[in-house]
Amino acid sequence: MSQKIAFQGEPGAFSHAAANRLFPQGEPLGCVTFEETIAAVQNRRAAFGVVPVENSLYGRITDIHHLLPESGLFITGETFLRVEMTLLGVPDATLADVKAVQSLSVALGQCRKFIQSHQFRTINAVDTAGSAREIADKADKTVAAIASRFAGEIYGLKVLAENIEDAAHNTTRFLVLARDRDEAPASVGRVKTTFVFRVRNVPAALYKAMGGFATNGVNMTKLESYMVDGNFTATQFYADIEGHPDDIGVQHAFEELGFYTDYFRVLGVYKAAEAG
């Protein structure tokens, strides 16, 4: 029996494509919100969750940074997915038939040059995959969807144009979430460690806490701050480093971090994926 893999969105969403890449034999479980996606893993409706954490154009996915540390779940993997926008029409449509395009407002904005060059009318929708489903249901040759090729395959749509996005470097990083801690061994190759911490209320605490990573040669690839419980004086930090907790340099950096923090928790130790 295949494992269920939770993701946020409808079948054909980019999160679904990422989940399919990571778990090709898994049974997809679409969820309406990120909260529902996380809850599906927590309550064992799904074995794993696949969630976006940051995008090369839009930065961090704020909801995940707030939800993940308090979820009790662990990060066990990652993948990077190129966001390739495709114009999808009904099977008997041609590009010349299309008068309007439907998609998520963000996706429409990412394809502005293509849309303007063809003088298409735009229709805002809730998401990309849902747009593909609606276009398939309507069977109107004059309206096309902007979504992933994966969505087109699911809903039986025809690719009328591909790679229509303005920015070729649009990439989203996804994390795999699980109920149980499953740390990658140091021998697996490039490893990332993700953790959260809160600094003590002393002068230059963050500066001093970061010093241990610099002096021990540990590369910190991400450091994000966010408020805790809406409190302006309580700031939590979310960080990624290259390295394994068993590495001597990471051990020393974490030891020094401990002098200046009152909360520290490792969220995951996992094999690093290639961003290219």
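1. Where does Ala 139 lie? Before we get going, keep in mind that this is a predicted model. Ala 139 is in the loop that links helix H6 (128-138) and E9. What's odd here is its backbone: Ala 139 is not a glycine, but its phi is positive, about 55°. For background, most residues other than glycine have a negative phi. Ala 139 counts as exposed because its relative accessibility is 53% and the cut-off for exposed is over 50%.

2. Gln 119 deserves a look for a similar reason. Its phi is near 55°, again a positive value in a residue other than glycine. You'll find Gln 119 in the loop between H5 and strand E8 (121-125). With a relative accessible area of 71%, Gln 119 is exposed.

3. Now try Ser 187, which sits in the loop between E11 and E12. Is Ser 187 buried or exposed? Its relative accessibility is 69%, so Ser 187 counts as exposed. If you want a ruler for the model, go from the C-alpha atom of Ser 187 to that of His 66: they are 31 Å from each other, and 121 residues apart along the chain.

4. Thr 194 belongs to strand E12 (residues 191-199). Thr 194 counts as buried because its relative accessibility is 0%. Which side chain makes a polar contact with the side chain of Thr 194? That would be the side chain of Asp 240, at 2.6 Å. Beyond its neighbours within four places in sequence, Thr 194 is also in contact with other residues, including Ile 75, Tyr 238, Arg 265, Leu 267 and Tyr 270.

5. On to the inside. In soluble globular proteins, nonpolar side chains tend to be buried together. Here the largest nonpolar core has 27 residues, and Met 85, Leu 87, Val 101, Ile 146 and Ile 164 have the most contacts inside it. The elements giving two or more residues to this core are H1, H4, helix H5 (112-118), strand E9 (143-147), strand E10 (158-162) and E11. H1 provides the largest share of this core, four residues.

6. Zoom in on Ile 164. Leaving out residues up to four places away in sequence, Ile 164 touches Met 85, Thr 86, Leu 87, Cys 111, Phe 114 and Ile 146. Apart from the largest core lies another core, of 21 residues, with Ile 38, Val 53, Leu 177 and Leu 267 among them.

7. Next, the pockets. The largest pocket has a volume of about 730 Å³. It is lined by 27 residues, and Gln 8, Phe 14, Ser 15, Pro 52 and Leu 104 are the closest to its centre. At least two lining residues each come from helix H1 (14-22), strand E3 (48-55), strand E4 (59-60), helix H4 (105-110) and strand E11 (171-178). H4 gives the largest share of this lining, three residues. By class, the lining of the largest pocket has 15 nonpolar, nine polar and three charged residues.

8. The second largest pocket has a volume of about 240 Å³. Of its 13 lining residues, Leu 81, Arg 82, Glu 84, Ser 148 and Phe 150 lie nearest its centre. H1, strand E5 (74-82) and helix H7 (149-155) are the elements that give two or more residues to the lining of this pocket. Which element gives the most to that lining? H1 does, with four residues. Sorted by class, the lining of the second largest pocket has four nonpolar, four polar and five charged residues.

Conventions
Residues are numbered from 1 along each chain as its sequence is written. This is a predicted model: local features need pLDDT of at least 70, side-chain atom pairs count only at pLDDT 80 or more; totals for chains, interfaces and linings use all residues. Side-chain values use heavy atoms; hydrogens and water are left out. Buried means under 20% relative accessible area, exposed over 50%, partly exposed in between (1.4 Å probe, protein chains only). A polar contact is a pair of N or O atoms within 3.5 Å; within protein, one must be able to donate a hydrogen and the other to accept it, and residues adjacent in sequence count only if both atoms are side-chain atoms. Contact means heavy atoms within 4.5 Å. On a 1 Å grid over the protein atoms alone, a cavity is a set of points where a 1.4 Å probe fits but cannot get out, and a pocket is an open set with protein on both sides within 12 Å along at least five of seven lines; lining residues have an atom within 4 Å of a point. Grid points are joined across faces, edges and corners, and a volume is the space filled by probe spheres set on the points. Ala, Val, Leu, Ile, Met, Phe, Trp, Tyr, Cys and Pro count as nonpolar, Asp, Glu, Lys and Arg as charged, and the others, Gly among them, as polar. A nonpolar core is a set of buried Ala, Val, Leu, Ile, Met, Phe, Trp, Tyr and Cys residues joined through side-chain atoms within 4.5 Å.
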